[in-house]
Amino acid sequence: MTTRSRQWTMFGFLALGALVFITPPAQAADAGGKVCKLAISANDMMRFDQTSMSVAKDCATVEVTLTHTGKFPIQTMGHNWTLVKTADLAAVATDSLTAGLQNDWVKPGDPRVIAHTKVIGGGQTASVSFPLSKLKAGESYSFLCTFPGHSALMKGTFTIG
Ligand code: ZN
């Protein structure tokens, strides 16, 4: 190898290094955006602490954290946070009756379920994240707990505004 070719090889490495350095990671373009965090709690009285939730429309990702502030176990007073179209709420609640705790009381693969946390018992916390792009402007959305019998009391509206 001549001195000249060594120099060119060195230049090549430097150029490559600079290129790698200035090229952002491939995921950076779509991994950005505003993450909006919401918190809600549920108790041993079969209640959420909120009957309405809302997120700003410029949120890219919504992260909902559910805290069970009670003491009762998951088998008798389990709760989840499930997001559906308001029009689907009753049917989703009915189908959840036979889904079982192993499926977090959500019918597996149910396309009507936009997002849901796992079912938790007293003292536990669970979170779920979803892109706000899953929701359409002008549609009415609701959240509920799909533990059998709970949605009569455990539900509320979810709005973008
Ligand atoms: Zn519940």
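The exercises below work through a predicted model of a protein chain with a zinc ion, each with a solution in steps.

Residues are numbered from 1 along each chain as its sequence is written. Because the model is predicted, local features need pLDDT of at least 70 and side-chain atom pairs count only at pLDDT 80 or more, while totals for chains, interfaces and linings use all residues, and side-chain values use heavy atoms, with hydrogens and water left out.

**Exercise 1. Describe the overall make-up of the chain and the confidence of the model.**

Step 1. The protein chain has 4 helices and 8 strands, where helices (H or I, at least four residues) and strands (E, at least two) are DSSP runs numbered from the N terminus. Along the sequence these elements follow the pattern α-α-β-β-β-α-β-α-β-β-β-β.

Step 2. The average pLDDT, which is the predictor's confidence in each residue from 0 to 100, is 88 for the protein chain, and 81% of the residues score at least 70. Over residues 23-30, however, the pLDDT is below 50, and this stretch has 0 contacts beyond near neighbours in sequence, a contact being heavy atoms within 4.5 Å.

Step 3. Of the 161 residues, 36% are buried; buried means under 20% relative accessible area, exposed means over 50%, and partly exposed lies in between (1.4 Å probe, protein chains only).

**Exercise 2. Find the protein donors of the zinc ion and say where two of them lie.**

Step 1. Donors are N, O and S atoms within 2.8 Å of the metal (3.2 Å for Na, K and Ca), and water is not among the atoms, so sites may look incomplete. The protein donors of the zinc ion are ND1 of His 79, SG of Cys 145 and ND1 of His 150, which lie 2.1 Å from the ion.

Step 2. Written as a sequence spacing, the donor residues read H-x65-C-x4-H. His 79 belongs to the loop between α3 (74-77) and β4 (82-85), and Cys 145 to the loop between β7 (141-144) and β8 (155-160), so this pair ties together parts that are 66 residues apart in sequence.

Step 3. His 79 and Cys 145 are both buried.

**Exercise 3. Trace the aromatic pairs around Trp 81 and Phe 143.**

Step 1. Rings of Phe, Tyr and Trp (its six-membered ring) pair if their centres lie within 6.5 Å; planes under 30 degrees apart count as stacked, over 60 as edge-to-face and the rest as tilted. By this rule the count comes to 6 aromatic pairs.

Step 2. The ring centres of Trp 81 and Phe 143 are 6.1 Å apart and their planes stand at 20 degrees, so the pair is stacked. Trp 81 lies in the loop between α3 and β4, whereas Phe 143 lies in strand β7, so the pair ties together parts that are 62 residues apart in sequence.

Step 3. Trp 81 and Phe 143 are buried, and ring pairs link them with Phe 48, Phe 130 and Phe 158 into a cluster.

Step 4. A nonpolar core is a set of buried Ala, Val, Leu, Ile, Met, Phe, Trp, Tyr and Cys residues joined through side-chain atoms within 4.5 Å. In the largest one, which has 29 residues, Phe 48, Val 64, Trp 81 and Phe 158 touch the most other members.

**Exercise 4. Work out how the strands pair, and place Thr 61 among them.**

Step 1. Two strands pair if DSSP finds at least two bridges between them. β1 and β3 are parallel over 9 bridges, with Ala 39 and Thr 65 as bridge partners, while β3 and β6 are antiparallel over 7 bridges, with Glu 63 opposite Ser 129.

Step 2. Strand β2 (residues 52-55) runs parallel to β8 and is joined to it by 4 bridges, and Ser 52 has Thr 157 as its partner there. β7 and β8 pair in the antiparallel sense over 4 bridges, and Phe 143 stands opposite Gly 156 in β8.

Step 3. Thr 61 is in strand β3 and is partly exposed, with a relative accessible area of 25%. Setting aside residues up to four places away in sequence, Thr 61 touches several residues, including Lys 34, Val 35, Phe 130 and Leu 132. The C-alpha atoms of Thr 61 and Leu 132 are separated by 5.6 Å, although the two residues are 71 residues apart along the chain.
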